[in-house]
Amino acid sequence: MLRQQDVGHRIVVRRIVGVREGRPLFSDALGELVELTETHVTLATDQGRLRVPVAEVHRAKRVPPARRPTAAAVVALELASDEAWPAPTRGRLGDWLLRSAEGWTGRANSALPVGDPDRPLPAGLATIERWYADLGQPALVNTPLPLAAPVGAELDARGWTSRPLTLVQTAPLAPLRAGPPPGRPDTPPDQVDAPPGRHGE
């Protein structure tokens with residue numbers, strides 16, 4: 001069973017949701033344990049807060065942190081970030097984005113290699129180098145992991161240098177809108193994105 005030391009950690013709760021033909025029906029809930037009392041277990045799940053009466057809990061235990069996100073989740077986050085704060089000068093290389101903001105911030109002055117560049121990888125990187133050279137800027141490539149690992153490996157092979165990793169974190173909105181639980185002023189966000197690296201010449 002859960003203890004107060006489990007608050008703030010990822011847990012799974014198997015609860016009784018009904019009875020059919022004299023046998024209990026179960027449902028599992030996964031999320032962060034935000035409150036544990038003598039009567040209820042409260043989780044922050046992807047769908048919002050879930051308050052489960054202790055009497056309905058069949059089993060509950062701590063589980064390892066979430067695994068790396070899917071490629072689709074990484075792409076969606078990178079594209080949402082780009083659309084929310086677009087660089088003023090932009091280009092396309094197949095699905096890849098080329099971005100320039102006169103040197104302000106690495107994100108807005110780097111290529112984003114998500115999707116198909118519509119040409120072999122070496123040719124795509126050569127095109128990136130020419131595009132930034134025409135603007136009088138050093139070529140930078142944002143390589144969100146694990147999605148762009150092949151691009152990062154090719155850049156390493158070409159002798160590009162790597163900048164420090166950037167850790168990207170997100171949190172579900174529903175628990176944030178609900179506010180912190182009583183007696184716990186902050187709830188750390190779940191890490192959902194692997195750290196992207198930036199490579200530059």
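**A guided reading of the predicted model**

The mean pLDDT of the protein chain is 84, and 88% of its residues reach 70 or more. The model is predicted, and confidence is not uniform along the chain: over residues 189-201 pLDDT stays under 50. For that stretch, the model has 65 contacts beyond four places in sequence.

The protein chain contains 4 helices and 10 strands. From the start of the sequence to its end, these elements follow the pattern β-β-β-β-β-α-β-β-α-β-α-β-α-β. Among contacts with a separation of 6 or more, 58% are accounted for by residues 24 or more positions apart. Of the 201 residues in the protein chain, 36% are buried. The accessible surface comes to about 11,800 Å², and carbon and sulfur atoms hold 54% of that area.

The interior may be approached through its nonpolar cores. The largest of these has 14 residues, of which Ile128, Val141 and Val151 touch the most other members. At least two residues of this core come from each of strand 7 (96-100), helix 2 (121-134) and helix 3 (149-157). Helix 2 gives the most, with 4 residues. The surroundings of Ile128 can be listed in detail: when its neighbours within four places in sequence are set aside, Ile128 is in contact with Leu93, Trp96, Leu98, Ala111, Ala139 and Val141. Apart from this core lies another, made up of 11 residues, including Ile11, Leu36, Leu43 and Val52.

Helix 1 spans residues 71-84. Its 14 residues reach 20 Å from the first C-alpha to the last, close to the 20 Å expected at 1.5 Å a residue. The buried residues of helix 1 are Val74, Glu78 and Asp82. Viewed down the axis of helix 1, these buried residues fall within an arc of 65 degrees, and therefore they line one face of the helix. They pack against strand 6 (89-93), strand 7 and strand 8 (140-143). The face of helix 1 turned away from the buried side carries the exposed residues Ala72, Glu83 and Ala84.

Helix 3 can be read in a similar manner. Its buried residues are Val151, Gly152 and Leu155. Because they cover an arc of only 100 degrees around the axis, they lie on the same side of helix 3. Pro150 and Ala157 are exposed on the other side of helix 3. After helix 3 comes Gly159, whose phi is positive, near 90 degrees.

Backbone geometry also draws attention to the loop between strand 7 and helix 2, where both Glu102 and Thr105 are found. Most residues other than glycine have a negative phi. Glu102, although not a glycine, has a positive phi of about 55 degrees. In Thr105, likewise a residue other than glycine, phi is positive and near 70 degrees. How exposed is each of these two residues? Glu102 has a relative accessibility of 72% and so counts as exposed, the cut-off being over 50%. Thr105, with a relative accessible area of 36%, is partly exposed.

Key
Residues numbered from 1 in each chain as written. Predicted model: local features only at pLDDT ≥ 70, side-chain atom pairs only at ≥ 80, totals over all residues. Heavy atoms only, no water. Buried < 20%, exposed > 50% of the residue type's maximum accessible area, 1.4 Å probe, protein only. Contact = heavy atoms within 4.5 Å. Areas by Shrake-Rupley, 256 points an atom, 1.4 Å probe, with all protein chains shown as cover. Core = buried A, V, L, I, M, F, W, Y, C linked by side-chain atoms within 4.5 Å. Arc of directions from axis to C-beta. Expected span 1.5 Å × (residues − 1). pLDDT = per-residue confidence, 0-100.
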